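Welcome, and please take a moment to look over the sequence and the model before reading on. The paragraphs below will lead you from one part to the next.

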Amino acid sequence: MSLKMKAFKKSIWVYHIACSPCNNCDIEILDLLTPRFDVERFGILLVGSPRHADALLVTGMVNRLTKPRLIEVYLQTPKPRVVFAFGSCGISTGIFAGGYNTEGPIDKVIHEVDPEGIVVYVPGCPPKPEAMIDAIVKALKAL
Amino acid sequence: MIIFNYLVFPGFLFAIIIGLLTVWYDRKITARVQWRVGPPWYQGFADILKLFAKETFIPATAKRTGFVLAPFIGFSTALLVAAMLGVAGLYPKMSFTGDIIVLWYLLMIPSIAIIFGSSASGNPISQVGSSREMKLFMSYELPFVIILFSIAAKAHSLSIGGIIEYQRANGANLWSLSGIIGFVVAIISTQAKLGLVPFDIPEAEGELASGIMLEYSGSLLAIFKLMKALLLYTLPLFLITVFLGGMNLQGFGILWFIIEYLLIVFIISLIRNTNPRLRIDQAMNLFWAILTPLAILSGILSYVGL
Ligand code: SF4
């Protein structure tokens, strides 16, 4: 493994995008970033601009309004980039499946513009912060 | 020998390594204040390496040359200041008359580079940030330069070496009434120069989405981060040189120097962790209406000999 890859794994800067969730997943993500779970131990930092981000934390099913915005923000994120799809909604559109404005789960939307894009699934409704840390660790191992 | 001094110790390489370690130290203190564990010691190095490995965007609306040039200008001046201060601390005899003025000018250039880069980026939010940075810049330089000149007048010398030797002969500047007032003013100005929390108005993650740095990514951002790390090493070193008699590398001097350095960074990060962000008009008020009169008072006191 190259030194750069090692550095990448030790310093993931995240940007949080809410794509029409019910907001529970977002609250859990905010919990994840509080001192109690202390993700800065692994070098994870919340940044204010997608240009600085390595990972996008996306929640919710993607609807017609948020789809173009999600794609725009995804393309603005410099490579290498990872997308974390949080919650049942993000993975499979969950309880919104078949809704009139549902544009599909996050991985489908991302793969439309970037077939190579890495999407990590974090199941749960909402996933616990512990589950999120577990997902991040597993994803970094698999990279 | 002198080339070694400029390039390795206590010049460029040393400054970068210590700067990045100081970034970690600052983040670790932040973590301890919040009862967390905090990042491992190599965090600063990992961040920079990762940023260099990432893709670099140049926005379509940006003015290319200015946008790319700005980080390099800021970084190289910060590097130069760090090396000059280090060498002057090692050999006080070697500094030339007026180098304190040169240093003062060079210390301004990183802020100007930030203003330059963010206004070249063509992003309206970045431009709000750069206008704020400009206002902040005008406010903190005034008390800072008054303090600097009162100290130069006290030492009857316009060179770093002269100020250091004056302090070695007569005791550090800090241990007098004028010195204490001056130190307080200087440390608050330093906080603003570093763009840390009560004065992170141009960066303001909550309202401006990291404002001045908004459009930077990849290696350009890495160079800006390196510049910030260097400033985090240089400005405390500058305070030590001007107020605490510089770095003395003989015998117990090293230990004393390390303690002083860690203590000053500790104070800076405590201020940053226990204060809310000021509005830009509040910051200007603070610097012009409160700290400038204090700086003048300290100048008068040092003239009287207190
Ligand atoms: S997965 Fe559950 S908690 Fe998360 S946004 Fe969907 S419905 Fe809400």
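**A walk through the model**

Let us begin at the ligand, keeping in mind that this is a predicted model. Helix H4 of chain A gives the largest share of the shell around the ligand, with three residues. The full set of residues around the ligand is A:Pro21, A:Cys22, A:Asn24, A:Cys25, A:Gly87, A:Ser88, A:Cys89, A:Gly124, A:Cys125 and A:Pro126. Two elements of chain A give two or more residues to this shell: helix H2 (24-32) and helix H4 (87-92). Sorted by class, the shell has six nonpolar residues, four polar ones and no charged ones.

Next, turn to the nonpolar interior. In soluble globular proteins, nonpolar side chains tend to be buried together. Here the largest nonpolar core has 99 residues, and those with the most contacts inside it are A:Leu56, A:Val58, A:Leu70, A:Val83, B:Phe238, B:Phe243 and B:Ile264. Helix H10 of chain B (residues 218-243) supplies the largest share of this core, 19 residues. To get a feel for the chain A part, find A:Leu70: leaving aside neighbours within four places in sequence, A:Leu70 is in contact with A:Ile17, A:Cys19, A:Val58, A:Val62, A:Val109 and A:Ile110. There is also a second, separate core of 21 residues, which includes A:Phe84, A:Val120, A:Val122 and A:Ala139.

How do the two chains meet? Across the interface, 26 residues of chain A are in contact with 29 residues of chain B. Together the two chains bury about 2,300 Å² between them, and 56% of this is on carbon and sulfur atoms. A:Glu40, A:Arg51 and A:His52 supply 26% of the area that chain A buries against chain B, more than any other three residues.

Now for two places in chain B. Is B:Ser111, in helix H5 (residues 99-120), buried or exposed? B:Ser111 counts as buried because its relative accessible area is 5%, below the 20% cut-off. The side chain of B:Ser111 makes a polar contact of 2.9 Å with the side chain of B:Tyr140. Not counting residues up to four places away in sequence, B:Ser111 touches B:Glu133, B:Phe137 and B:Tyr140.

Our last stop is B:Ala62, in the loop between helix H3 (43-53) and helix H4 (64-90) of chain B. B:Ala62 is buried too, with a relative accessible area of 12%. Beyond its neighbours within four places in sequence, B:Ala62 is in contact with B:Phe67, B:Ala120, B:Ser121 and B:Gly122. B:Ala62 and B:Glu215 are 153 residues apart in sequence, yet 9.1 Å apart in space, C-alpha to C-alpha.

Terms used:
Residues are numbered from 1 along each chain as its sequence is written. Chains are lettered from A and ligands numbered from 1 in the order in which they are written. This is a predicted model: local features need pLDDT of at least 70, side-chain atom pairs count only at pLDDT 80 or more; totals for chains, interfaces and linings use all residues. Side-chain values use heavy atoms; hydrogens and water are left out. A residue is near a molecule or strand if one of its heavy atoms lies within 4 Å of it. Helices (H or I, at least four residues) and strands (E, at least two) are DSSP runs, numbered from the N terminus. Ala, Val, Leu, Ile, Met, Phe, Trp, Tyr, Cys and Pro count as nonpolar, Asp, Glu, Lys and Arg as charged, and the others, Gly among them, as polar. A nonpolar core is a set of buried Ala, Val, Leu, Ile, Met, Phe, Trp, Tyr and Cys residues joined through side-chain atoms within 4.5 Å. Buried means under 20% relative accessible area, exposed over 50%, partly exposed in between (1.4 Å probe, protein chains only). Contact means heavy atoms within 4.5 Å. A polar contact is a pair of N or O atoms within 3.5 Å; within protein, one must be able to donate a hydrogen and the other to accept it, and residues adjacent in sequence count only if both atoms are side-chain atoms. Buried area is the accessible area (1.4 Å probe) that two parts lose on being put together, summed over both.
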